[in-house]
Amino acid sequence: MERIELVGHFGPYGGRFVPEALIGALDELEAAHNSASKDPEFQRELSHLHKSYTGRPSIITEAKRFAEHAGNARILLKREDLNHTGSHKINNVLGQALLTKRMGKKRIIAETGAGQHGVASATAAALLGLECVVYMGEEDTKRQSLNVARMKLLGATVIPVTTGSKTLKDAINEAMRDWVTNVSTTHYLLGTVAGPHPFPTMVRDFHRIIGIEARQQVLEMTGRLPDAVLACVGGGSNAIGIFHPFIDDAGVRLIGLEAGGAGVESGKHAATIVGGTPGVLHGTRSYLLQDSDGQTIESHSISAGLDYPGVGPEHAYLHDIGRAEYRAITDDQAMHAFSLLSKSEGIIPAIETAHALAGALQVGNELGSGAILLINLSGRGDKDVQTAAQYFGIPL
Amino acid sequence: MDKESLAQVFARAKSENRAALIGYMPAGFPTLEGSKELIRALIAGGVDIVEVGFAYSDPVMDGAIIQEAAEIALRNKTGAKEVLEVVSGVSVPSLVMSYWNPIERYGVKEFTEALASVGGVGVITPDLTIEESGDWIDETERNDLRRVYVVAPSTDDSRLAKVADKCSGFVYAASLMGVTGARNSLSDSASELVARLRKVTNLPIAVGLGVSTANQAASVAKFADGVIVGSAFIKLVLQAPDISQACREVTSLARELSDGVRQGRVG
């Protein structure tokens, strides 16, 4: 039997499970990404935006007072929260927006959960003169009304999605429907390392700068590589960005922290690798939360940005081969770390990021003083003030 | 009398100088028994081939109407067992229309064996690419099931040839770029796509997406071997006050469409 060559796979994961209507656009995108990654002019343009617009390289902050709660391990924070628009998301968005122009398309669509990727997409669209439409679950537009307003101020159109669970997964469905309809004029600016090939590879490549910078910075600061690199994992873009340049460093543990919600055993969580099974969702094979009939199960997390029932296929692969480990952090553990970093370091993290910080508390106590932990501080918590105030009973 | 095969149905339609009429209905919508009655109503109105929909939580190729039907079917706990039960009772050739994950979850080998054992003739897979079809091709061959992939106006000629080569039974040509659902008018993209397909395959070609009226069915029947209608039937069911009224209206629309696929080639 003739076998067709498999591209865009990570072991058994990844690939393309999409309507045939999109294959041409995915091929076009793959070709544009491949040629751009070898084009010095494209790289110069992206690098210029990193320096003059995003504010790269992002700094490293050593969290000494927070470290007292983490077994006195050295805690090094890669400050992606200081990027323009407040998170790592801008790295990918600028890259894809430049590719959009390279492909001669004038319209981008994006999905968003918490609104961070939507805001970043609207920002890049404003900067590069592209039309921008953001799909956002109706539930999320209510939970994150401030970010809806931000996107509108940036000139984007926000379309509330009222189908299914009215959250991120349904926003992705609706964005895919738009793309199937308007693919000749439109680029789907997917916000994470999931979706059909080439998205998991391409989005990773745009975020690798996090790990490339951090690896060099840690070497300069400490004279050696860290013992562990930690990051929160929803779709997994900030994690793969900081993990990837360390994959060949066998002595460096890579630890992804998933959203454990009310606890994995409760069934109300978004810990896809820890508590899910392999399957196909949104164009890729990976771990997902599904029932015995293959229907997607709704995820639960206090963090809208991690509230997704799938995960990037490369994480599924890194898990299976044992190169990366994944743990679940409950809402309460994340909020404890959120509060601790705010009060011990004067840095209010995104609630997504607080899951990575809770992981640092665990791993620091396991490894003790002398260990060096690098944590991707993927986003700032301004957007989460309302949720956090509610959680801690602070009247607004 | 033995049920006709898929090939026999297309051959008979061809001998009658018309296109075959293919009707879509999801299993478990609006109830499990209701979906069986609706399929009988489709056949009573002249539908030649039935697509039994396997409802899925994330149907990215479907517009609002089929999404709503799928949500109802899922609330009714419709899974593979129910889909197979519905297929087993269909008196004309029937295929399952399913997104990939429910099949993979059930098991490719197990699903193809189970479908063949209840008399299903094939599967339409809107989000399965040929590159991911290794086991699927082996198991559908082993169980003598037809594989129907969905191609689109954006599919280029070399890709059309590759995909059509992996199809059996017929090729599903999407009439336009977009999701399922009735359209007021059909563009020229369908006839252009079918013409390009004719150059690369001898299989029958059925056109779907957007067809809802007898006039549209007639115009598609001019150049296609099959006309696929789904959302237009489901819309009637969603609007009907009860299942018997829904069945009457479904039969009535099927009759009109059945006339349509016969008028397309007249004169």
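**Domain contact in chain A, helix packing in chain B**

Tutor: In this predicted model, 37 residues of domain 1 of chain A are in contact with 36 residues of domain 2 of chain A.

Student: Which elements supply the domain 1 side of chain A that touches domain 2?

Tutor: At least two residues each come from β2 (13-14), α4 (89-102), α5 (116-128), α6 (138-143), α7 (145-153) and α8 (168-182) of chain A. The largest share is that of α4(A), with 5 residues.

Student: And how do the residues on that side of domain 1 of chain A divide?

Tutor: Into 16 nonpolar, 16 polar and 5 charged.

Student: Where do the domain bounds in chain A fall?

Tutor: The domain assignment gives 10-48 + 89-199 for domain 1 and 52-87 + 208-392 for domain 2. Their C-alpha centres are 22 Å apart.

Student: Switching to chain B. What is the angle between α10(B) and α12(B)?

Tutor: About 30°, with the axes of helix α10 (residues 214-221) and helix α12 (residues 243-263) of chain B 7 Å apart. Angles under 35 degrees count as roughly parallel, so α10(B) and α12(B) are roughly parallel to each other.

Student: Is the crossing of α10(B) and α12(B) left-handed or right-handed?

Tutor: Right-handed.

Student: Which residues make that contact?

Tutor: From α10(B), B:Ala214, B:Asn215, B:Ala217, B:Ala218 and B:Ala221. On the α12(B) side they are B:Glu256, B:Leu257, B:Asp259, B:Gly260, B:Val261 and B:Gln263.

Student: How many of the residues in the contact of α10(B) with α12(B) are charged?

Tutor: 2 are charged, alongside 6 nonpolar and 3 polar.

Key. Residues are numbered from 1 along each chain as its sequence is written. Chains are lettered from A and ligands numbered from 1 in the order in which they are written. This is a predicted model: local features need pLDDT of at least 70, side-chain atom pairs count only at pLDDT 80 or more; totals for chains, interfaces and linings use all residues. Axes are lines fitted to C-alpha atoms, for helices over the stretch in contact, and angles run from 0 to 180 degrees between N-to-C directions. Helices (H or I, at least four residues) and strands (E, at least two) are DSSP runs, numbered from the N terminus. Angles under 35 degrees count as roughly parallel, over 145 as roughly antiparallel, 65 to 115 as roughly perpendicular and the rest as oblique. A crossing is left-handed if the near helix is turned anticlockwise from the far one by less than a right angle, and right-handed if clockwise. Two residues are in contact if their C-beta atoms, placed from the backbone, lie within 7 Å. Ala, Val, Leu, Ile, Met, Phe, Trp, Tyr, Cys and Pro count as nonpolar, Asp, Glu, Lys and Arg as charged, and the others, Gly among them, as polar. Domain bounds come from an automatic or database domain assignment.
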